[in-house]
Structure formats: structure tokens, C-alpha cells
Amino acid sequence: MADKVLMKGNEAIAEAAILAGCRHYFGYPITPQTEIAAYMAKRMPKIGGTFLQAESEIAAINMVYGVSSAGKRVMTSSSSPGISLKGEGLSYLAGADLPALVVNVQRGGPGLGGIQPSQSDYFQATRGGGHGDYRMIVLAPASVQEMADLTVKGFELADTYRMTAMILADGTMGQMMEPVDLELTVTPPPAKPWAATGTGMKRPHNIINSLSLVPEELEELNFARYRRYAQIEEKETRWEEYRMEDADVCVAAFGIAARVSKNAVNEARKMGIRAGLIRPITLWPFPKVPFAKAAGQVKEIISVELSMGQMIEDVRLASGCRVPVTLCNRAGGMIPTPEQVLDAIKRAAENGGAAQ
Amino acid sequence: MKYKRITLLCGHYGSGKTNVAVNMALDLKRRWENTAIADLDIVNPYFRTKDSRRLLEAAGIQLICSDYAGGNLDIPALPGQMYALTDDRSLKAVLDVGGDDRGALVLGRLAPAIVEENDYQMLAVINRYRPLTRDAVSTLQVMREIEYAGGVPFTGIVNNSNLGEETVPGDLLSSLSYAGEVSRLSGLPVVCTAVKESLYPQLEGKIPDLFPLRLQPKIG
């Protein structure tokens with residue numbers, strides 16, 4: 001057996017999900033994530049799992065709700081327009097405190113948009129994605145290996161906190177091929193005494209529901225959920241800092257934008273500019289700590305995004321608006337080049353935070 | 001490499017068919033004036049032969065592909081021009097077919113004429129580092145599915161085992177026994193072992209029928 005395999009990001013998500021014990025996949029094809037469904041269609045029947053191409057994204061997310069209610073690890077995947085369709089289901093999963101893994105391999109929008117990569121669903125993902133007060137744990141991989149690793153992590157976090165974990169990738173991450181080590185460490189699912197698995201005439205029925213008509217009770221459910229979210233913010237926030245020790249220009253970027261930015265930071269360093277990168281790995285909870293620290297150290301933070309500027313709002317909040325936060329972006333399926341990011345770094349280094 | 005009038009490249013999704021196809025077309029063109037390459041991928045809207053259009057045009061190779069290929073319009077269209085592949089027997093061509101059995105379905109229209117003329121080679125592009133073709137048996141299963149869908153039996157194997165940009169010579173050397181096993185089980189010869197250009201000097205003489213690949217740009 002070879003130690004490493006050459007995989008597309010989408011395939012890595014699918015195989016990692018299987019390794020994590022997921023045996024139920026429900027989806028509907030949409031570029032650029034269709035390889036996830038295609039891979040599941042090939043693999044699931046061979047290992048006694050279920051692959052089902054639903055009649056729509058809405059059906060698929062409700063099938064996820066059903067399997068999760070029965071206590072099993074379950075997932076669905078789509079790309080931007082399809083995730084919007086799943087919005088109602090995401091809210092219902094939150095309202096019923098059900099764990100699930102949902103993958104969004106983003107494409108350019110809004111509307112039907114295009115099939116090239118984008119990060120413009122950041123707002124949608126980090127603010128819950130549907131109606132009501134709730135959050136999803138949002139994981140942003142920046143390599144094919146991380147597509148696999150964070151998929152496993154996503155299932156574990158979803159089970160631990162009884163909520164949806166979302167892999168927020170983009171078309172590039174889904175389509176690119178890289179070697180992957182599939183020797184993943186998987187924690188088996190915890191006991192789920194709340195699941196609807198049959199009473200055996202020995203316990204009261206477990207009722208899985210998001211309907212709660214007594215406002216005092218519904219309020220308390222919301223309060224309890226947000227106490228859980230506070231724990232997650234404390235324990236589960238993840239990020240990578242790159243060459244930040246002595247940096248006086250900070251680049252903030254996730255996913256494919258972080259890969260581009262890392263190249264630009266290296267180029268800037270060669271020119272004697274002290275640039276560094278903070279790469280959020282969890283987009284919710286957002287890594288506030290490193291940005292608060294950076295705000296007391298650097299003269300400017302540049303948010304590099306494949307959108308019209310969404311994460312930049314969280315960067316501004318986290319840095320307390322103590323330093324200028326500027327945007328370096330492309331949109332609609334375009335990707336910033338390392339040169340574009342390098343130019344932004346050079347400008348920030350020269351102007352010393354006077355820009356904006 | 002020896003060529004027949006028609007060289008078909010089929011294989012598992014992501015096995016590297018397009019890279020091999022473009023390089024074989026360039027190789028063929030050096031020996032035969034009237035050379036074409038056909039992009040018959042109806043599975044994947046990205047990483048298409050058409051991405052190498054400029055290179056192919058500069059070399060004087062006719063590119064047969066859908067107007068929609070590489071245009072971000074995600075529809076499985078085929079060009080009417082593809083009938084030239086079977087109708088024009090002065091043409092020698094390399095056919096880049098989409099991945100897996102789904103991709104091979106496009107051969108349905110062409111298979112009877114190709115098989116009847118019997119001047120073709122149907123090559124299975126295999127990569128032991130792809131997750132669903134890591135051993136000979138699973139590779140053979142994919143090959144059988146492709147033959148069943150496409151209606152053209154394989155005649156040979158292209159060992160394109162690689163780990164992308166991170167491939168080192170050892171990866172290729174350790175794939176030889178795998179390719180040999182696929183060959184033994186299928187009864188088909190390994191017609192060549194493909195390797196990226198930069199590794200060619202290190203492996204020349206160590207692997208028979210080594211075929212250098214100039215890697216094509218990834219657009220998308």
C-alpha cells in the first residue's frame with residue numbers, strides 16, 4: 001500500500017468522511033463539488049453504506065436531519081446556490097440540536113453565478129446560514145490534506161456539541177490534486193442517549209423537534225445553546241500564524257487566499273518587508289485572540305478574500321479598529337495573484353497605516 | 001511510442017489522461033502531418049485539453065472539441081466535428097476521453113466504426129496513487145466498467161503513476177510491480193510509463209518505454 005495517495009480535495013472530504021464512520025450521504029450534484037457525490041456513489045455500496053441522490057438539496061438536508069435523529073454520523077455537500085436551498089434545513093438541525101457535517105465548496109455568486117472558486121458565502125456560513133439565533137462551526141481548509149483532516153474534526157465537533165459543522169471550501173480546494181496521508185486519527189462517536197433509536201420499552205420516548213411554542217421555554221433553549229457556543233469559542237478556535245513574530249504588516253486570509261498570501265508574505269520578506277500571515281482555520285468561532293494581538297503590533301492588516309470583503313468585518317471587530325484594516329480582493333470566480341497581494345503589502349509597509 | 005490511426009485514452013477520473021493525450025498528440029505530430037486531438041470529456045468542466053489550445057495550435061495539431069469546453073458553461077456537449085475522427089482516414093488522432101465509465105459513454109457513437117476499421121489502440125491510463133485504483137484488482141474493475149460503457153476493448157496500458165508535483169523517481173519505480181500486475185491480470189502490454197519531463201533523465205534506462213510528459217497548465 002502506498003503511504004500517500006493523490007486526491008482531489010472533494011475526494012479527500014468523501015474518503016475522510018467514510019474513515020470517520022459516516023455511512024450515510026445524501027446530496028444533489030452541483031459543480032464544483034460533484035466529485036464528493038460521485039465518490040460516495042462508488043464507495044458507499046461497497047461498505048454497506050447509503051448513497052442517495054435526493055430529488056433536491058432540500059430533500060437531502062432533511063434526510064440528514066432524519067439520520068442524525070437516529071444517532072448516526074451523516075453528511076451532505078453542495079456548492080453555494082445549493083447551500084442556500086438547504087438553509088431551512090440547517091436552521092431546523094440547529095433548532096433540534098442535531099449533529100451533522102455539511103460541505104460547501106463555494107462558487108462565484110450571487111444567484112446561479114458561475115463555476116469558478118469564491119469565498120463569498122462567508123457571511124452566510126459564519127452567521128448560521130438560515131433563520132433564527134444559531135451558529136455552525138465553520139472550518140476552512142487550505143490544503144487537500146486539511147480537507148481530509150478537518151472533515152474528521154468536523155464530525156467530532158458536531159457530535160461533541162450537537163450542532164452542524166460546515167467545511168467551507170472553494171472550487172479550487174475542491175478541484176486541486178495533492179498527495180494526502182489517509183492515516184487519520186478518528187475518535188469514535190460519543191454515546192447519544194438523546195437519539196431516537198427505539199425505547200425498548202425501557203425509557204420515555206426521545207423527541208427530536210425544533211418546534212417550541214412556549215416562549216419562556218424557547219428562550220431558555222436559546223440561552224442554553226449560546227452557553228454551549230461560549231464554550232466552543234473558548235476551546236475550539238483554531239488558526240495558523242505564519243512569520244508573525246516580528247511582523248509590522250499582517251495579512252489575514254483563509255483557504256486558497258491564504259495559500260496565495262503565504263507566497264506573497266515570503267516574497268515581501270525577501271524584499272526586507274516584515275510581513276506575516278494569520279490564517280483562520282475556524283471561521284466560526286473566529287480567532288479573535290491573534291488579531292487583537294496583531295492590532296498592538298502591526299501598522300496595517302490586509303484582508304485577502306475571494307469576495308467583496310466579508311471576513312474583513314470580523315477582522316475589524318477582532319482588532320478593535322485599532323489599526324487600519326484594508327481589503328485586497330477579487331470576486332466572481334477570480335483569485336487574487338501573489339503579485340496583487342505583494343503590492344498591497346508593499347503599499348501598507350510604505351504608508352505605515354495611513355491608507356484607508 | 002507506436003501509434004495506430006486512432007489512439008484512445010481512457011481511465012479512472014484524475015488518472016492524468018489529458019496530460020498524456022496532449023503529449024502523445026505532440027509526439028504523433030512529429031511523425032504524421034495530419035494529426036488531431038479530440039477533447040471528448042463530458043464529465044469534468046475543468047482541466048480540459050482545450051486549456052492547451054495555444055500549444056496545440058502552435059504545433060499545428062487540429063483540436064476537435066466542443067465550443068463550450070473551457071467556457072465555464074457546465075454542459076456535457078460534444079462537437080459534430082468528432083465524426084471526422086472516423087470518416088477521415090487520412091487523419092491520425094488522439095482521443096482524450098472523460099473519466100470512468102461515465103466518461104467512456106461518449107464512445108458509443110464512435111465505437112462501431114473504430115472497431116470495424118481496426119486501426120486503433122485503446123489505452124488504459126493508470127495511476128496507483130489514486131485512491132480508487134491503488135491495487136491491480138480495483139484498477140482492472142475500473143477498466144472493465146470503461147470497456148462495458150464504451151464498447152471498445154483495451155489493447156494496452158499507460159502507467160502514469162504519480163503524486164502530482166511531489167512525485168519523486170522512487171514513486172515511479174515502486175509503481176512498476178503494480179503496472180506489471182495489471183498487465184498480467186488483463187493480458188495487456190504496458191505500452192509506456194509516463195513521467196514528468198524533469199524526472200526523465202534520472203529514470204532513463206531504468207524503466208522501459210519511458211514517455212516524457214511536459215505537464216499542461218491547470219486552468220480552472
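This briefing describes one strand of chain B and one pocket in the structure above. The model is a predicted one. In chain B, strand β2 (residues 35-40) is mostly covered, with six of its six residues buried, and the second largest pocket holds about 690 Å³ of space.

**Strand β2 of chain B and its surroundings**

- In a regular strand the side chains alternate between the two faces of the sheet.
- Both faces of β2(B) are covered, since B:Thr35, B:Ile37 and B:Asp39 are buried on one side, while B:Ala36, B:Ala38 and B:Leu40 are buried on the other.
- Strand β4 (residues 92-97) of chain B runs parallel to β2(B) and is joined to it by six bridges, and within this pairing B:Ile37 stands opposite B:Val94.
- Strand β3 (residues 62-65) of chain B also pairs with β2(B) in the parallel sense, over four bridges, and here B:Ala36 stands opposite B:Gln62.
- Together with helix α2 (residues 53-58) of chain B, the strands β2(B) and β3(B) make a right-handed β-α-β unit.

**The second largest pocket**

- The lining of the second largest pocket consists of 39 residues, and those nearest its centre are A:Thr34, A:Ala38, B:Val43, B:Asn44 and B:Arg102.
- Two or more lining residues come from each of α2 (34-43) and β3 (50-53) of chain A and from α4 (100-104) of chain B, and α2(A) gives the most, with seven residues.
- By residue class, the lining of this pocket divides into 20 nonpolar, 11 polar and eight charged residues.

Notes:
Residues numbered from 1 in each chain as written. Chains lettered and ligands numbered in written order. Predicted model: local features only at pLDDT ≥ 70, side-chain atom pairs only at ≥ 80, totals over all residues. Heavy atoms only, no water. Buried < 20%, exposed > 50% of the residue type's maximum accessible area, 1.4 Å probe, protein only. Pairing = 2+ DSSP bridges. Right-handed = clockwise from strand over helix to strand, strands pointing away. 1 Å grid on protein atoms, 1.4 Å probe; cavity = no way out; pocket = protein on both sides within 12 Å on 5 of 7 lines; lining within 4 Å. Points joined across faces, edges and corners; volume = space filled by probe spheres on them. Nonpolar A, V, L, I, M, F, W, Y, C, P; charged D, E, K, R; others polar.
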